[in-house]
Amino acid sequence: MHIVHVGMEFDVLRENNKIANANYHLMKKNGIKAIEFMGSIGSGKTALIIKLAEKIRKKGLSACAIAGDVTGDDDQKRMKESGLDAVNCNTGHECHLDANLVRKSLEKIDLGKYDVIMIENVGNLVCPADFPLGADYRVVVISTTEGDDMVRKHHDIFLHSDVAILNKMDIADAVGVDPDVIMEDYRKLTGGLKTMYACSARTEGGIDEIMSVLSL
Ligand code: MG
Ligand code: ZN
């Protein structure tokens with residue numbers, strides 16, 4: 001039985017990657033840069049996306065978001081209230097977005113209108129890693145409030161992402177977390193090659209650096 005299960009999973013992942021590839025090319029054809037944000041519930045993905053959207057707008061570019069969640073449209077509402085165009089994408093039961101859900105969301109977006117699409121994945125540090133969506137950058141966002149062991153507990157998501165961000169730096173002291181421990185875990189995990197970027201979506205600290213890391 002186990003072998004059958006593994007085989008099915010392989011097909012599911014292969015099918016996902018095929019659709020992700022099509023999403024990538026569809027967005028490229030329309031001159032769109034796509035950025036996916038993964039991370040736990042409460043890590044500040046939505047707040048970060050909203051802050052980046054403000055900066056993107058100031059550069060004279062236009063952005064749209066895909067708000068992924070199991071149910072509800074709270075994130076989409078927050079985005080729209082901030083002035084960011086957003087499409088809601090509910091998974092229903094699944095704890096991650098997949099390329100097919102993103103494909104359906106892209107069908108609802110006037111692709112000719114936008115320069116950047118930001119995709120917020122479901123709050124989850126585990127399985128989103130296995131399901132590329134077709135973005136140029138996969139970003140993982142963690143926050144100081146999650147403790148200093150996130151990198152040690154979740155190797156896969158950090159290894160499957162292009163950029164890692166540590167959010168809520170403004171309250172690191174208050175929650176008794178040393179950001180250097182997290183940064184060092186990440187540096188070691190990536191063979192000393194990569195740096196985690198620190199920011200506070202609330203105070204805007206570090207956001208400009210993230211803009212440039214994402215070539216925005
Ligand atoms: Mg959110
Ligand atoms: Zn999942």
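Buried means under 20% relative accessible area, exposed means over 50%, and partly exposed lies in between, with a 1.4 Å probe and protein chains only. At 4% relative accessibility, N16 counts as buried. This is a predicted model, in which local features need pLDDT of at least 70 and side-chain atom pairs count only at pLDDT 80 or more, while totals for chains, interfaces and linings use all residues. Residues are numbered from 1 along each chain as its sequence is written, chains are lettered from A and ligands numbered from 1 in the order in which they are written, and side-chain values use heavy atoms, without hydrogens and water.

**Helix α1: N16 and N23**

N16 sits in helix α1, residues 2–29. Helices here are DSSP runs of H or I with at least four residues, strands are runs of E with at least two, and both are numbered from the N terminus. The N16 side chain reaches the backbone oxygen of P132 at 2.9 Å. Contact means heavy atoms within 4.5 Å. Setting aside neighbours within four places in sequence, N16 is in contact with D98, A99, F131 and P132.

N23 also lies in helix α1. N23 is buried, at a relative accessible area of 2%. Its contacts, again leaving aside neighbours within four places in sequence, are A99, V102, R103, L106, L133 and G134. A99 thus appears in the contacts of N16 and in those of N23.

**The magnesium site**

Which residues coordinate the magnesium ion (ligand 1)? They are T46 through OG1, D75 through OD and E120 through OE, at 2.1 to 2.3 Å. Donors are N, O and S atoms within 2.8 Å of the metal, or 3.2 Å for Na, K and Ca; water is not among the atoms, so sites may look incomplete. Along the chain, the magnesium donors follow the spacing T-x28-D-x44-E. T46 is in helix α2 (residues 45–58) and D75 is in helix α3 (residues 74–81), so this pair links distant parts of the chain, 29 residues apart. T46 is buried, with a relative accessible area of 4%. D75 is buried as well, at 11%.

**The largest pocket**

The largest pocket holds about 210 Å³ of space. A pocket is an open set of points on a 1 Å grid over the protein atoms alone, with protein on both sides within 12 Å along at least five of seven lines; a cavity is a set where a 1.4 Å probe fits but cannot get out, and lining residues have an atom within 4 Å of a point. Grid points are joined across faces, edges and corners, and the volume is the space filled by probe spheres set on the points.

Of the 16 lining residues, the closest to the pocket centre are I41, G42, K45, D75 and E120. D75 and E120 are also among the magnesium donors. Helices α2 and α3 each supply at least two lining residues. α2 gives the most, with three. By class, the lining has four nonpolar, six polar and six charged residues. Ala, Val, Leu, Ile, Met, Phe, Trp, Tyr, Cys and Pro count as nonpolar, Asp, Glu, Lys and Arg as charged, and the others, Gly among them, as polar.

**The zinc site**

The protein donors of the zinc ion (ligand 2) are C95 (SG), H96 (ND1) and C127 (SG), 2.0 to 2.2 Å from the metal. Their spacing in sequence is C-H-x30-C. C95 lies in the loop between β3 (85–90) and α4 (99–107), and C127 in the loop between β4 (116–120) and β5 (137–143), so the pair ties together parts that are 32 residues apart in sequence. C95 is partly exposed, with a relative accessible area of 36%. C127 counts as buried, at 16%.

**L52 in helix α2**

L52 lies in helix α2. L52 is buried, with a relative accessible area of 0%. Not counting residues up to four places away in sequence, L52 touches F37, M118, I207, I210, M211 and L214. From L52 to H154 the separation is 102 residues in sequence and 25 Å in space, C-alpha to C-alpha.

**Positive phi angles**

Most residues other than glycine have a negative phi. Two exceptions are tabulated here.

| Residue | Phi | Place | Relative accessible area |
|---|---|---|---|
| K168 | about 65° | loop between β6 (163–167) and α7 (179–189) | 23%, partly exposed |
| S215 | near 50° | segment after α8 (207–213) | 42%, partly exposed |

How values were computed:
Polar contact = N/O pair within 3.5 Å; in protein donor to acceptor, adjacent residues only side chain to side chain.
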